[in-house]
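Visitor: Please pick one part of this model and look at it closely. Then place it against the rest of the fold.

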Amino acid sequence: MSVPHTLFKPILLLLAFSLGAMTSAAAQTRDVVGAKDYPGIGRFGGSVITGYQVKDFDAARVQAAVFRDGQPTDARRLEGRITRIAYRTNPGPSILEVSRNFETQLAKAGFETLLACDTDACGGIPFSEGIDALPIPQMWVDGFNYRYFSGRKAEGGRETFVGLTVSENNREIYAQLVIAEVRAIENKMVDATVMAKGLRETGRIALYGIYFDTDRAEVKPESRPTLEQIAKLLNANVGLNVFIVGHTDNQGPYAYNLDLSRRRAEAIAAELVKNYGIGAPRLRTAGVGLLAPAGSNATEAGRALNRRVELVAP
């Protein structure tokens, strides 16, 4: 049977993507930049981190029960600090071996089991499609062959949930942890009046309402309210010029963070010029990486303070 000509291009593109992804994964011998294991959990021996994402506030989906008739019966949407870590092992271990090791470690860390199931018992392909997974090639989920675990820990009045997915691609085992530390959103909005006061009194103002994905320098759409307030500040004070200075925590190589903070500051200036009509000569940019911490990098709370942007008066 011949394949219609119109199908050749999509099929070839899919094959090229798959081969490229496999080649990229096979070439990776060390963790992605800035990645680290979640404290108290760790990793399966011989694994490398293929995907890493940490957001101070986001939503994650954890399945607490199997699917029935192709539909979730207890899908929990959790908001708070979300960590996603994907690992790849070398060929050899089984899905069950990798999963059991993680499950044992999670139990030691205080997580009680909500759900532990394999492919068919979980709900097959519909369940796999409902898994909160990082994109290929960071994480692979084979809907015909996977194991899923979810757990919950209550400690000090706070809840933490975990979702673990283990699957296989090209004889290599992929495992992903999604850890949701449930908490309410912090009010990080600083309006134009507060910005003006900070610049007037201390010569600078720290902003936490401008968002980027981990290791990226593209300003996210949810940064718009803060960008609008910066524009309002500058439009109301036509003689004011500012430095936009990017800051990071100490996670990852020094030179990499220095460059990332600079690129983020430049991205913010570009947004203000392009979308808010601010004259480019009024904005100068710099990135100082971890060199001017606002808190201790020894604690997560301190690192969160250090991941910021500052407006500085010349």
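**T119 and its setting**

Guide: T119 counts as buried, because its relative accessibility of 10% is under the 20% cut-off. The model is predicted. The residue belongs to helix 3, which covers residues 119–122. Beyond its neighbours within four places in sequence, T119 is in contact with G124, G143, F144, N145 and Y146. Of these, G124 is in helix 4 (124–129), and Y146 is in strand 4 (residues 146–155).

Strand 4 leads to the sheet. This is an open sheet of six strands in the order 1-2-6-5-4-3, with antiparallel pairing. Strand 1 and strand 3 (112–118) are its edge strands, each pairing on one side only. On average, neighbouring strands are turned by 15 degrees against each other, direction ignored. Strand 4 and strand 5 run antiparallel and are joined by 10 bridges. Within that pairing, S150 stands opposite G163 of strand 5. Helix 2 (residues 95–108) packs on the sheet and touches strand 2, strand 3, strand 4, strand 5 and strand 6. The direction of helix 2 makes about 165 degrees with that of strand 5.

G163 also appears in the lining of the largest cavity, together with R61, V62, I131, D132, Y148, T165 and V178. That cavity has a volume of about 40 Å³, and the structure holds one cavity of 30 Å³ or more. Strand 1 (48–63) and strand 5 (158–169) each supply at least two of the lining residues. By class, the lining divides into four nonpolar, two polar and two charged residues.

The loops hold some backbone exceptions. Most residues other than glycine have a negative phi, and most peptide bonds are trans. In the loop between helix 4 and strand 4 lies P137, which is joined to I136 by a cis peptide bond with omega of about 5 degrees. D69, in the loop between strand 1 and strand 2, is not a glycine but has a positive phi of about 55 degrees. R171, in the loop between strand 5 and strand 6, has a positive phi of about 70 degrees and is not a glycine either.

In accessibility, these two loop residues contrast with T119. Exposed means over 50%, so D69 at 83% counts as exposed, and so does R171 at 58%, whereas T119 at 10% counts as buried.

Technical notes. Residues numbered from 1 in each chain as written. Predicted model: local features only at pLDDT ≥ 70, side-chain atom pairs only at ≥ 80, totals over all residues. Heavy atoms only, no water. Helix = DSSP H or I, 4+ residues; strand = E, 2+ residues; numbered from the N terminus. Buried < 20%, exposed > 50% of the residue type's maximum accessible area, 1.4 Å probe, protein only. Contact = heavy atoms within 4.5 Å. 1 Å grid on protein atoms, 1.4 Å probe; cavity = no way out; pocket = protein on both sides within 12 Å on 5 of 7 lines; lining within 4 Å. Points joined across faces, edges and corners; volume = space filled by probe spheres on them. Nonpolar A, V, L, I, M, F, W, Y, C, P; charged D, E, K, R; others polar. Pairing = 2+ DSSP bridges. Axes fitted to C-alpha atoms, helices over the stretch in contact; angles between N-to-C directions.
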